[in-house]
Protein chains: 2
Amino acid sequence: HPRFLAFIPSAPSEASVLFDLVVAASSLYGGSWLESAGAVYAENQALSWLVGLAGLPEAAGGAFVSGGTAGNLSALVAARSAAAEKREHRPRRWALLATGRSHSSIQAAADVMDVDVVLVEPDEHGRMTGSALGRRLDELDEEQRDGLFAVVTTAGTTNLGVIDDLETIGFLAKTNDLWMHVDGAYGGAALAAPSRRQLFNGIEHADSIVLDPHKWLFAPFDCAALIYREPEVARRAHTQHAGYLDPINDRDEWNPSDYAHHLSRRARGLPFWYSLATYGTDAYRDAIEKTLRVAEEAARAVADRSYVELLEEPTLSIVAFRRLGWQPADYQAWSERMLAEGIAFVLPSVFEGETMLRLAIVNPATTIEDIELILDQLA
Amino acid sequence: HPRFLAFIPSAPSEASVLFDLVVAASSLYGGSWLESAGAVYAENQALSWLVGLAGLPEAAGGAFVSGGTAGNLSALVAARSAAAEKREHRPRRWALLATGRSHSSIQAAADVMDVDVVLVEPDEHGRMTGSALGRRLDELDEEQRDGLFAVVTTAGTTNLGVIDDLETIGFLAKTNDLWMHVDGAYGGAALAAPSRRQLFNGIEHADSIVLDPHKWLFAPFDCAALIYREPEVARRAHTQHAGYLDPINDRDEWNPSDYAHHLSRRARGLPFWYSLATYGTDAYRDAIEKTLRVAEEAARAVADRSYVELLEEPTLSIVAFRRLGWQPADYQAWSERMLAEGIAFVLPSVFEGETMLRLAIVNPATTIEDIELILDQLA
């Protein structure tokens, strides 16, 4: 629905939905090359497109997982495993670096892994900058630094679509021997948009990237791409061993089960691959550019209306703004009325303690008229 | 395919596959009550059937997750969180109890969570018994006991279908203040078979259970049921917080996202629910009993042939046997020939260092004639 703009909605293409039926009906086990070489080959083609957009080496690869939460966890487990391989002793506490603007799944992954999160202060736009990261590193004592294994950057925050300073962070990660993870679950899709590509400069330094086709690349749930610069490192961290699995593990083949925290898996990347193959990558580029244009127009439409005010110029396709004079209860009542009347699904969000409204535009069917209709309801 | 018997194959029903298309096409976000109350209601009905089969209290519940690996991890994270809530200090190392026959995902979960695995010696049939668990607990010193938070039992091992002694382990778990987790990913489906129900006695003591409908309950990938005795404990462990999520978290509703390590999710329990609703639970009972009968007949057919020998009488629907006089290379060559000729997909497995063959019968379309055809190829 073009006016369901809360959270990051899913807007799967027709071809991807149709192929999802094929995936279900064929009952392919997508975990191993032995059992589904064709599916894995196709999934890897789709991953290669993303690898190319990010500018990673051709040998980069990984697997499609169920969502950003599973992807971020799996990447960070590989990161910790890579760090452990280099150390003689377990540090007192493992720790990762992130900002408070990182997605909630980063804290969830840290909780699951029982590692600390060392917070880096974001700048006034909510970005992690190289200088803030450098300052934070300088503040840590020997023991704290010893436990650091990764820096988590965000390429398109969920709340505002803000992209961290990947270029200098990548440089700092390298000099400090830290794994650089890029959470592009929502925003990574904009790599395909030439108008925004430069914002991602530095992503080619990433050791791992998560990018969800079920968000802004028109795939059905649940489909998140997890990519590693050196897949072999992830394989050592994630391969499961068992008597009945050894015949698979002994082969020198690409088994998606080896690259994340999962074993049985649906060939969940196939609907995305089929949709890419059907419409072509140019159609993807155009559809994403279109949502970006609508987001720009939406920001202008907000600026044109005296009763609303932009929180921040949109970086990607999320437009956040306040309704002047409203209390949280006013936002809530309005949101419920919009949903009840079937006009729109827009939820109040909270940013730095302030209630606001947030439009996440990932559906190319959403037009500026849809947005204006919503804004007019706020008058 | 009725003769694809390696691993635990998937054999989805027609209704479940059809409904999987509906799930994909409707693009429902299955994470929250707000966004998909109907889907969550139906999923919870399907979970209730499983809760009833296990004899857990009616208030038990959880969510469908992508597979046994995600389910086991999520349950154990909830278990550790429950233990942490009761303690003042973090123990030196967290630890769980399991046998070496536990599924590989248990070790994988322990690795991700960075907790130790304290191994309990299985008996001669590969079961964890209450007495072995008691002995192991007695051997531990104060500090080791302090870190224990869960005992992981298996109700149907993947290699042989063996079920731990749930009754006495449940008693010991309670007296030692340990969370009892039951990994019934494969075997739990046999709860629906009256002929085997008694083997699961004691499962009603479980604090959490994982049971995969995509294995032996005729659902398409990926569909694993994760059930908690007290869902509120899991909710405190898994709910993700963020400005844009708070409008959901503030409501007193059942959000599947809160009960496992995931956020975005496909309504992956719906195809299973629809299939149950279409065919009825009696048809499920009958289909499972049929696979159990075929497994019994298969065991007799092995016993009738002089060149093969049963490893163990099957407990559930896995029939494991050796081909007398064969070396690992003979098994491998035979298995490859069977696949190449399209006769069957049966892989050699390894049990206690010995290569063997293993038939996992979860498809009601598999007949004893299919099995005999395979056995005859071994002559």
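**Exercise 1. A residue at the end of a helix**

*Task: Find where A:Asp114 sits in chain A, then work out what is unusual about its backbone and whether it is buried or exposed.*

Solution.

- Step 1: Start with the place. A:Asp114 belongs to the loop that runs between helix 4 (104–113) and strand 3 (116–119) of chain A. Keep in mind as you go on that this is a predicted model.
- Step 2: Look at the backbone. A:Asp114 is not a glycine, and yet its phi is positive, about 60°.
- Step 3: Check the burial. The relative accessibility of A:Asp114 is 16%. Buried means under 20%, so A:Asp114 counts as buried.
- Step 4: Now move to the other chain. The side chain of B:Asp114 forms a salt bridge with that of A:Arg90, at 2.9 Å from N to O.

**Exercise 2. Another positive phi, and a cis bond**

*Task: Go to the loop between helix 8 and strand 7 of chain B and describe the backbone of B:Phe218, then that of the bond from B:Phe221 to B:Asp222.*

Solution.

- Step 1: B:Phe218 lies in this loop. Its phi is positive, about 65°, although B:Phe218 is not a glycine.
- Step 2: With a relative accessibility of 6%, B:Phe218 counts as buried.
- Step 3: B:Asp222 has its place in the loop between helix 8 and strand 7 (224–228) of chain B. The peptide bond that leads from B:Phe221 to B:Asp222 is cis, and its omega is near -20°.
- Step 4: Try chain A as well. There, the bond from A:Phe221 to A:Asp222 is cis, with omega near -20°, and A:Asp222 is in the loop between helix 8 (213–216) and strand 7 (224–228).

**Exercise 3. Helix 3, seen in both chains**

*Task: Compare the span of helix 3 of chain B with the expected one, then look at A:Asn72 in helix 3 of chain A.*

Solution.

- Step 1: Helix 3 of chain B covers residues 68–86, which makes 19 residues. From the first C-alpha to the last it reaches 27 Å, close to the 27 Å expected at 1.5 Å a residue.
- Step 2: How many of its residues are buried? The count is 16 of the 19, and helix 3 of chain B is therefore described as mostly covered.
- Step 3: In chain A, helix 3 (residues 68–86) holds A:Asn72. This residue is buried, at 0% relative accessible area.
- Step 4: Leaving out residues up to four places away in sequence, A:Asn72 touches A:Ser105, A:Ile106, A:His181, A:Asp183 and A:Val210. With one of these, A:Ser105, the side chain of A:Asn72 makes a polar contact of 3.0 Å.

**Exercise 4. Far in sequence**

*Task: Place A:Glu204 in chain A and list what it touches.*

Solution.

- Step 1: A:Glu204 is in the loop between strand 5 (179–183) and strand 6 (208–211) of chain A. At 28% relative accessible area, A:Glu204 is partly exposed.
- Step 2: Pick A:Val51 as a partner. In sequence, A:Glu204 and A:Val51 are 153 residues apart, while in space their C-alpha atoms are 9.1 Å apart.
- Step 3: Not counting residues up to four places away in sequence, A:Glu204 touches A:Ala54, A:Gly55, A:Leu56, A:Glu167 and A:Arg229.
- Step 4: The side chain of A:Glu204 also reaches the backbone nitrogen of A:Gly202, at 3.0 Å.

**Exercise 5. How the two chains meet**

*Task: Work out how chain B is related to chain A, and describe the interface between them.*

Solution.

- Step 1: A turn of 180° with a shift of 0.0 Å along the axis lays chain B on chain A, with an RMSD of 0.0 Å. The two copies are therefore related as by a two-fold rotation axis.
- Step 2: Count the residues. In chain B, 62 residues are in contact with 62 residues of chain A. The copies meet through the same surface, because 100% of the interface residues of chain B are also interface residues in chain A.
- Step 3: Turn to area. The two chains bury about 4,900 Å² between them, and carbon and sulfur atoms give 58% of this. B:Phe221, B:Tyr244 and B:His261 supply 15% of the area that chain B buries against chain A, more than any other three residues.
- Step 4: Look for polar links. Across the interface there are 4 salt bridges and 18 residue pairs in polar contact.
- Step 5: Which helix of chain B gives the most to the side that touches chain A? Helix 4 does, with 7 residues.

Definitions and conventions:
Residues numbered from 1 in each chain as written. Chains lettered and ligands numbered in written order. Predicted model: local features only at pLDDT ≥ 70, side-chain atom pairs only at ≥ 80, totals over all residues. Heavy atoms only, no water. Helix = DSSP H or I, 4+ residues; strand = E, 2+ residues; numbered from the N terminus. Expected span 1.5 Å × (residues − 1). Buried < 20%, exposed > 50% of the residue type's maximum accessible area, 1.4 Å probe, protein only. Least-squares fit on C-alpha atoms with pLDDT ≥ 70 in both. Contact = heavy atoms within 4.5 Å. Buried area = accessible area lost by both parts, 1.4 Å probe. Polar contact = N/O pair within 3.5 Å; in protein donor to acceptor, adjacent residues only side chain to side chain.
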